[in-house]
Amino acid sequence: LTAYQKVDRERRALEYTLYDKELRRAREALDELEHARSDDAEAASELHEAARSTVETIASVQRQMKQSTAQANRAATDLASLEAELTAAVTRRAQLQLEVGELKSQAGADADTQKKTEAQLKKVDKDIETAKAKLKDVVQPNFEAAKKTLSEVTAQKDNTFEQIKGIYAKQGRGTEFTTEKERDAYLKSTIKEIQASVAEKEAMISAQEDDLAAMRRQIDAEESGLKEQEADIAKKHGILSKITTQLLEKTSERNQHAEDRRERWRAIEDIGDKLALEKEAQARADSDLRKAMPRATAMGLDALSDIVEKEGIKGYFGTILENFTLVDDKFRTAVEVSAGNALFHVVVDNDETAAKLMKKLEDKKLGRVTFMPLSRLRVPDKINYPDSNDVVPILTRCVKFNPAVKKAMTMIFGKKLLAKNVDAASLWSKNFDMDAVTMDGDEVNAKGALHGGFVDTSRSKLSAYAEAQKAKGNVEALEKDQRDLQQKATAVDQTIANLMGEIQKLEAKKANLQHILEQSAKEQVSKKAALESRNERTETLAESLPTMRLDVEGLQMQITRLQDEVGTALSATLSTEERATLTELHQKQKDLETSVDGSTTDLEAKSAERDKLQSLLRDNLSRLRSELQA
C-alpha cells in the first residue's frame, strides 16, 4: 500500500506537470490568438474609419464640386455680361478717343481763334472808345454849334423878314384904313390873335418839355432796369455753373453707387448659391437623422415642433438629443449605444404638458413619442459609482447638459458606466448593478447580457444631429448675411433713387434757368432796340424845341412891333427913317441868306460826319463787338 501510494503520487505529479504544460501552451496560444484578434480588430477599425473618412471626403468634394460648378456657371454668365460691357466700353472708348482728338484739334484752333478774337476785341473796344470820345468831345459839340449857328442865323433872317414885312404891312394899313382908330382896333385884334398863338405854342413847348423829361426819366429807368437785368443774368449764369457742377458730382456719385450695387448683387448671388448648398446639406442631415429613428417617432417629433411653435406651449425642452453635448467626440459611440432610442425621448416639465401634447398627436394622428415629465421622474439624489480607473460614469465624464433637465439625464445616463474593456465592463456591471459600455460600443447589461459587434459610425445619430445643427447654423448665418446684403442693396437702391430725384430736380432747374436766360437775352435785345428808338425820339423831340422857341420869340417881336404901331400917325407912305431902315433890312436879309446857306452847308457836313460816326458805332463796331463776345 505504501509503495502504491508512492507510485500514485508520482503519477499525479506527472499528470499535473503534463496538464500544466498543456495549460501554459493553451494560454500562450490563446494570448497569441487574442493579440491577433485585437490587431485584426484594430486594423479593421482603422480601415473602417479610413473608409468613413474617405466617404465623407468624397461627399465634401462633391459638395465643393457642385458649389464650384455653380460658381463657374455664374462666372461664365458674368464673364459673358462683362465681355459685352467691355466691348461696348471699348467701342465707346474708341469713339471718345476720336472725339477727344477732334476736340483737341478744335481746342487748339479755338485757342488760336480765341487769341485772335481777344486781340481783335481789344482793338474794337479801343476803336469804340476812340469813336465815342471823338463823338462826345468833337463831332457832337461841332454839330451842336453848327446847329445853334444855323438856328440863330435863320432866326435873324426870319426876324429881318418879319421886320420888312411889318414895315410894308404898316404902309399897307395906311391906305387900308381911313382912321387911326380903325387901324388901332385891327392891330389890337391882331395882337390878341398872335398872343393866343404864342400862348398855344408856349403850352405846346411846356407839354413837349414835360414829355421830354418823362421820356428821359423812362430812359433812365430802362437803362437802370437793363443794368439790373444784366446783373441778374450774370448771377443766374453763376447759379447755372454751380448747378452744372452739382450735376456732374451727383452723376459721378450715382455711377459709383450703381457699381457698388452691382457688386452687392454679385455677393447676394454667391451667398444664394452657398445657401442652397447648405440647405441641401441640412436636408440631407435631417434625412439621415430621421432614418436613424422609427418612422412614427420622426413624424411625432416634427409635429411637436410645429405645435409648440404655433401654440407657444411652455415647459417643452425638446428631445434628450437636443439637451446635451459631448465632452469629446471620442465618446460618441459609447454615449449613443448606452442611450439607444432614448435619445429621441421628449423632455417636458410635467405630465399635464405631456398629456396635452399626446392629445394633439393622437387627435391629428401625427405619430408617437415617449415623454419624460420632469415632475414625475424618480431618480436618486446621489449615485454611488465604482472607485476604479477601469470605469467612469458617463453622466459626469462624457456629457454636458442643461441643469434644468438633470432628472431626465440622470434617468438615461445615471446608471451607465464607460469601461476600459469588456472584462472591466462585466466585472463592474455585475458588482454595482449598472450597465457598462466600452469605447467601441460593446455593452454589458446589469443582468449579465452582452451586446456588441460592428458599429456603423456613418449612421451615427449624434453625428447626423451634429451635422444638422452645423448646417442649420450655417444656413442661419448665411441667411443673416443675405438679409444684411439685401438691406444694404436696398439702401443703395434708395440712395440711387434719391440721387436720381436730385439729378432730375437739378436738370429741371438747369433747363428752367437756360430757358429764362434765353428769354432774358431776347428781352435785352428787344429792350435795347426800344431804348435806342426812344433815344432817337427823345433827340428828335429835343431838337424841335429850339425851333419852337424861336417861333415864339418871332411872334413876341411881332407883337412888340404891332404894339409900337398902335397910336402912331396913319400914313400911306414911308418916312425917310423907315425907308432907310427898309434899305438896311433888305441888305441884312441878303447877308443873312448867304449866312444861312453857309451855315446849312456846314451843318450838313457836321451832321454827315456825326451820322457816319454813329453808324460806325452802331452798325459796325458795336455789332462786331457783340459777335466777338459771343
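In which order do the five strands of the open sheet lie, and what is the sense of their pairing? The legends below take up this question after an overall view of the chain, which is shown as a predicted model.

**Figure 1. Overall dimensions of the predicted protein chain.** The protein chain has 10 helices and 10 strands, and its C-alpha atoms fill a box of roughly 230 × 60 × 40 Å along the principal axes. The radius of gyration of the protein chain is 64 Å, whereas a compact globule of 630 residues would have a value near 25 Å. Of these 630 residues, 27% count as buried, and the accessible surface of the chain comes to about 40,700 Å², of which carbon and sulfur atoms contribute 52%. Among contacts with a separation of 6 or more, 82% are accounted for by residues 24 or more positions apart.

**Figure 2. Segments that the UniProt record lists as "coiled-coil region".** The unreviewed UniProt entry gives this label to residues 16-134, 191-268 and 461-523. In the model, residues 191-268 are 100% helix and 0% strand, and the C-alpha atoms at the two ends of this span lie 110 Å apart. Residues 461-523 are likewise 100% helix and 0% strand, with 90 Å between the end C-alpha atoms of that span.

**Figure 3. The open sheet and its edges.** The five strands follow the order S5-S7-S8-S9-S10, and their pairing is mixed. Strand S5 (391-393) and strand S10 (450-451) each have a single partner strand, so each stands at an edge with one side left without a neighbour in the sheet. Strands of a sheet pair through backbone hydrogen bonds, in either a parallel or an antiparallel sense. S5 pairs with strand S7 (residues 416-419) in the antiparallel sense over three bridges, and within this part of the sheet proline 393 stands opposite leucine 417 in S7.

**Figure 4. Strand S8 and the parallel pairing with S7.** S7 and S8 run parallel and are joined by four bridges, with lysine 416 having aspartate 435 in S8 as its bridge partner. Both faces of S8 are covered, Asp435 and Val437 being buried on one side and Ala436 and Thr438 being buried on the other. The loop between H8 and strand S8 (435-438) contains aspartate 433, which has a positive phi of about 50 degrees although it is not a glycine. Most residues other than glycine have a negative phi.

**Figure 5. An aromatic pair between strand S2 and helix H7.** The structure holds two aromatic pairs. In the pair of phenylalanine 324 and phenylalanine 413, the ring centres are 5.7 Å apart and the planes stand at 75 degrees, over the 60 degrees that the edge-to-face class requires, so the pair is edge-to-face. This pair links distant parts of the chain, since phenylalanine 324 belongs to strand S2 (residues 324-326) and phenylalanine 413 to helix H7 (residues 406-413), 89 residues apart. Phenylalanine 324 counts as buried because its relative accessibility is 7%, and phenylalanine 413 counts as buried because its relative accessibility is 0%.

**Figure 6. An aromatic pair within helix H8.** Tryptophan 428 and phenylalanine 432 form a tilted aromatic pair, with 5.9 Å from centre to centre and 45 degrees between the planes. Both residues lie in helix H8 (residues 422-432), four residues apart, which is about one turn of the helix. Tryptophan 428 has a relative accessible area of 17% and is therefore buried, whereas phenylalanine 432, with a relative accessible area of 31%, is partly exposed.

**Figure 7. Two alanines of helix H9.** Alanine 466 lies in helix H9 (residues 461-565) and counts as partly exposed at 37% relative accessibility. Its C-alpha atom is separated by 9.8 Å from that of glutamate 322, a residue 144 positions away along the chain. Alanine 471, also found in helix H9, counts as buried because its relative accessibility is 3%, under the 20% limit for that class. When residues up to four places away in sequence are not counted, alanine 471 touches Glu278, Ala281 and Gln282. The C-alpha atoms of alanine 471 and aspartate 286, which are 185 residues apart along the chain, are separated by 9.6 Å.

Technical notes
Residues numbered from 1 in each chain as written. Predicted model: local features only at pLDDT ≥ 70, side-chain atom pairs only at ≥ 80, totals over all residues. Heavy atoms only, no water. UniProt positions renumbered as here; feature names shortened; annotations may be inferred. Phe/Tyr/Trp six-rings, centres within 6.5 Å; stacked < 30°, edge-to-face > 60°. Buried < 20%, exposed > 50% of the residue type's maximum accessible area, 1.4 Å probe, protein only. Rg over C-alpha atoms; globule rule 2.2 N^0.38 Å. Contact = heavy atoms within 4.5 Å. Areas by Shrake-Rupley, 256 points an atom, 1.4 Å probe, with all protein chains shown as cover. Pairing = 2+ DSSP bridges.
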